[in-house]
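Visitor: Please take me closely through a single part of this model. I should like to begin with the space enclosed inside it and then to follow the elements around that space.

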Amino acid sequence: MSYMIKEMPNDLKPRERFKNGGVESLSNEELLSILIRCGSKNKSVKDVSTELLKLIDIHDLVNVNYNVLKNIKGIGEVKAITILCAIEFGKRVLSKKDLINQITNSYDVYLLVKDEMTNQLQEKLLAIFLDNRKYIIMKKVIFIGTVNESGIYLRDVFREAVKCNACSFILVHNHPAGSVNPSMQDVYMTNSFIKMGKILGIYLLDHLIIGNDNYYSFKESNGDLFAKS
């Protein structure tokens, strides 16, 4: 038997508590209960929510993956998808992309991406595509995994740049370990994009490495490489 929120006493129903006290009055378990709606066999939705938050700290949910979540007793596929979609929606709501429409320096880029690129468990390569006035056309994740196959990324990045009529772009990737020191592969990849950009007329303006509350900018550190872009 699956226990629905509607079967709880009125004074314990999270939605009723929301109406009476506002969303800020709800506990973490109550917020989660509203999202997942029902419990499992022999467990109420509140019990499932409480047990999930004992297994995974609420702050660690930002990095939890689908396979881990769906295999937790009482969660399953549908609830896992609901939780992950809610987390992603929250990230997008908090994103500063709507506050920064034009890129004027490397710090603008850092502000734009730091929330989604910091404290990640995997490397992520992201491209920001710009028009001729350096206004943002599109921001897109190109790859998640180990960023070490620059030939593949060249093709994918420039394909997206052509599709959105970009005049230039900026690359960003993170170092999960936290250090922002560029590796030899990072240097090689940056040089490859600079060279190809000059050939195609779609220029790489900068490449940022994001670490723990810090960043490294190839433009700031090696300005001469970008002088003609």
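Guide: One definition is needed at the outset: Ala, Val, Leu, Ile, Met, Phe, Trp, Tyr, Cys and Pro count as nonpolar, Asp, Glu, Lys and Arg count as charged, and the others, Gly among them, count as polar. Please also bear in mind that the model is predicted.

With a threshold of 30 Å³ or more, there is one cavity. The largest cavity holds about 40 Å³ of space. Its lining consists of Met 117, Thr 118, Asn 119, Gln 120, Asn 174, His 175, Pro 176, Ile 210, Gly 211 and Asn 212. Sorted by class, these residues are three nonpolar and seven polar, with no charged residue. The nonpolar ones are Met 117, Pro 176 and Ile 210.

To see what surrounds this lining, turn to the sheet. Five strands make up an open sheet with mixed pairing, and their order across it is β2-β1-β3-β4-β5. At the edges stand β2 (136-145) and β5 (215-217), each of which pairs on one side only. On average, and with direction ignored, neighbouring strands of the sheet are turned by 20 degrees against each other. As a general point, the strands of a sheet pair through backbone hydrogen bonds, in either a parallel or an antiparallel manner.

Let us now examine β1. All eight of its eight residues are buried, and this strand is mostly covered. In a regular strand, side chains alternate between the two faces of the sheet. In β1, Glu 123, Leu 125, Ala 127 and Phe 129 point one way, while Lys 124, Leu 126, Ile 128 and Leu 130 point the other way. Both sets are buried, including the charged residues Glu 123 and Lys 124.

The partners of β1 come next. With β3 it pairs in the antiparallel sense over six bridges, and Ala 127 stands opposite Leu 171 of that strand. With β2 it forms a hairpin that has five residues between the two strands. In the turn of this hairpin, Lys 134 has a positive phi of about 70 degrees. Leu 125 has Phe 143 as its bridge partner in β2. Strand β1 (residues 123-130) and β2 run antiparallel, joined by eight bridges. One of the residues involved is again Ala 127, whose bridge partner in β2 is Lys 140.

Two helices pack on this sheet. Helix α6 (residues 106-117) touches β1, β2, β3 (168-174), β4 (203-210) and β5, and its direction makes about 140 degrees with that of β1. Helix α8 (residues 184-200) touches β1, β3 and β4, and its direction makes about 160 degrees with that of β4. These residue ranges lead back to the cavity. Among the lining residues, Met 117 belongs to α6, Asn 174 to β3 and Ile 210 to β4.

Helix α8 also contains Asn 191. Its relative accessibility is 26%, so Asn 191 counts as partly exposed; the class lies between the limits of 20% for buried and 50% for exposed. Asn 191 is 34 residues away from Leu 225 in sequence, yet their C-alpha atoms are 8.1 Å apart in space.

A further residue deserves attention beside the lining. Asp 213 lies in the loop between β4 and β5, and its number follows that of Asn 212, one of the residues that line the largest cavity. Asp 213 has a positive phi of about 55 degrees, although it is not a glycine. Asp 213 is classed as exposed because its relative accessible area is 68%, and the limit for that class is over 50%.

Finally, this part may be placed within the whole chain. The chain has nine helices and five strands. From the N terminus on, its elements run α-α-α-α-α-α-β-β-α-β-α-β-β-α. Of its 229 residues, 41% are buried. Among contacts between residues at least 6 apart in sequence, 57% join residues at least 24 apart.

Methods: Residues numbered from 1 in each chain as written. Predicted model: local features only at pLDDT ≥ 70, side-chain atom pairs only at ≥ 80, totals over all residues. Heavy atoms only, no water. Pairing = 2+ DSSP bridges. Helix = DSSP H or I, 4+ residues; strand = E, 2+ residues; numbered from the N terminus. Axes fitted to C-alpha atoms, helices over the stretch in contact; angles between N-to-C directions. Contact = heavy atoms within 4.5 Å. 1 Å grid on protein atoms, 1.4 Å probe; cavity = no way out; pocket = protein on both sides within 12 Å on 5 of 7 lines; lining within 4 Å. Points joined across faces, edges and corners; volume = space filled by probe spheres on them. Buried < 20%, exposed > 50% of the residue type's maximum accessible area, 1.4 Å probe, protein only.
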